[in-house]
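Open the model in your viewer and keep the selection tool handy. We'll hop from one part to the next, and at each stop you'll hear what to select and what is there.

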Amino acid sequence: MSTRAGFIALIGEPNAGKSTLLNRMVGAKVSIVTHKVQTTRTRIRGVAMEGDSQLVFVDTPGLFQPRRRLDRAMVAAAWGGAADADVVILLVEAHRGITEGVERILDGLQEVAQGRRVALAVNKIDKVQSDALLGLTRDLNDRFPFAETYMISAEKGYGVDDLRQWLAGEVPEGPWLYPEDQIADLPLRMIAAETTREKLTLRLHQELPYQLTVETENWEERKDGSAKIDQIIYVIRDGHKGIVLGKKGETIKAVSQAARADLEAFLDRKIHLFLQVKVRPNWLEESERYSEMGLEFKDGN
Ligand SMILES: Nc1nc2c(ncn2[C@@H]2O[C@H](COP(=O)(O)OP(=O)(O)OP(=O)(O)O)[C@@H](O)[C@H]2O)c(=O)[nH]1
């Protein structure tokens, strides 16, 4: 039997549930899921097998109105992912409906849609009454000619199998792109940095996680099979450093323990994790920070 393989981009507003859907499709945790918005910065791929088809997911940053430089880089990465993909899935939150952000994405979709199949997935259907869904899917299909419409709950798993089966038939015929057992192609250093950033995001307040970044500085393989990982958390102000450290270093200690536990489970080996906080007022403007995150640095303000 012939094999199939292709790239699938998940697009949608921040918080639409892209990471949750990706994790469910792939069946392993490869991306960050938190209740805070704008957590996904890099284009993380997950690979799922469905019959003889290989589905390579590109999890894009949330699409939103770009204001600052970092915002613009994230939006460019998101649309870049969609333009490279064979199939695009637009996620819309059932209970929020057609927001301004969704309208903007629909406008942008017209451009990247050429030659690509675009499916609509109305997510979080567990949050609404089913009769409300009909009007919403009709309105969305009036605005864009979606190839298919799925009503799903990424969190509960409703409709996800149907969507995956449809995707399996949509991706082009061809050899598989990744070894079957590979679940994520992110470099381990980046996975380690993302893990720490996820723990920081869970513990800190709204604005702060957005103003910090984590980099893996050093990764040392030890003879006993363990790894020593040194990471730097860059913040933009002295005051933020104190917040990240917490009273008597409590916050950073908790972050470090939680990140280490996750990494040990993921890598199945002992990890020694060392975190350091540095103030770097301009990191949001520094090009190296962007390449570390897998983003392109854009000139201008
Ligand atoms: N009730 C409900 N909540 C969901 C569902 N799918 C996702 N969520 C929640 O919505 C929030 C955002 O989900 P994410 O998967 O992080 O969203 P995202 O689109 O990847 O967000 P960004 O990374 O910010 O772009 C999380 O708290 C999820 O648990 C769903 O089907 N039902």
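Start by selecting helix α6, then bring up what covers its buried residues: this includes β7 (213-221), β8 (227-235), α7 (238-245), α8 (250-267) and β9 (271-279). Those labels come from DSSP runs, numbered from the N terminus: helices are H or I runs of at least four residues, and strands are E runs of at least two. "Buried" has a cut-off too: 20 or more other C-beta atoms lie within 10 Å of a residue's own, while 12 or fewer makes it exposed and anything in between partly exposed, with C-beta atoms placed from the backbone.

Before you click further, know that this is a predicted model, where local features need pLDDT of at least 70 and side-chain atom pairs count only at pLDDT 80 or more, while totals for chains, interfaces and linings use all residues. Residues are numbered from 1 along each chain as its sequence is written.

**Stay on α6**

Which residues of α6 are buried? Select Ala192, Ala193, Glu194, Thr195, Thr196, Arg197, Glu198, Lys199, Leu200 and Thr201. Now try the distance tool on the two end C-alpha atoms of α6 (residues 188-203): they are 23 Å apart, which agrees with the 22 Å that 16 residues should span at 1.5 Å a residue. The expected span is 1.5 Å times one less than the number of residues.

**The three-strand sheet**

Next, select β7, β8 and β9. They make an open sheet in the order β7-β8-β9, with mixed pairing. The edge strands are β7 and β9, each pairing on one side only. From one strand to the next, the twist averages 20°. Two strands count as paired if DSSP finds at least two bridges between them.

Zoom in on β7 and β8, which pair in the antiparallel sense over eight bridges. Click on Asn218 and you'll find Asp230 of β8 opposite. Then add α7: this helix packs on the sheet, touching β8 and β9, and its direction makes about 155° with that of β9. Such angles run from 0 to 180 degrees between N-to-C directions, using axes fitted to C-alpha atoms (for helices, over the stretch in contact).

Back at β7 and β8, look at the turn: the two strands form a hairpin with five residues between them, and Gly225 in the turn has a positive phi of about 95°.

**Two more positive phi angles**

Most residues other than glycine have a negative phi, and most peptide bonds are trans. Select Lys248, in the loop between α7 and α8. Lys248 is not a glycine, yet its phi is positive, about 55°. Is Lys248 buried or exposed? With 7 other C-beta atoms within 10 Å, Lys248 is exposed.

Now jump to Asn15, in the loop between β1 and α1. Asn15 is not a glycine either, and has a positive phi of about 80°. Asn15 counts as buried because it has 20 C-beta neighbours inside 10 Å.

**On either side of that loop**

Select strand β1 (residues 4-12): nine of its nine residues are buried. Arg4, Gly6, Ile8, Leu10 and Gly12 point one way, and Ala5, Phe7, Ala9 and Ile11 the other way. Add strand β4 (residues 87-93), which runs parallel to β1 and is joined to it by five bridges. The bridge partner of Ile8 in β4 is Val87.

Then pick helix α1 (residues 18-26), where eight of the nine residues are buried.

**The cores**

A nonpolar core here is a set of buried Ala, Val, Leu, Ile, Met, Phe, Trp, Tyr and Cys residues joined through C-beta atoms within 7 Å. The largest one has 43 residues, and those with the most contacts inside it are Ile8, Leu10, Phe57, Leu90, Ala121, Val122 and Ile152. A second, separate core of 17 residues includes Leu204, Leu212, Leu263 and Leu273.

Click on Ile152: beyond its neighbours within four places in sequence, its contacts include Ala121, Val122, Tyr158 and Leu163. A contact means C-beta atoms, placed from the backbone, within 7 Å.

**Last stop: confidence**

Colour by pLDDT, the predictor's confidence in each residue, from 0 to 100. The protein averages 80, and 74% of the residues score at least 70. Among the elements, helix α2 (residues 69-84) has the lowest mean pLDDT (58) and strand β6 (residues 148-151) the highest (96). Finish on residues 28-42, where pLDDT stays under 50.

How values were computed. Contact = placed C-beta atoms within 7 Å.
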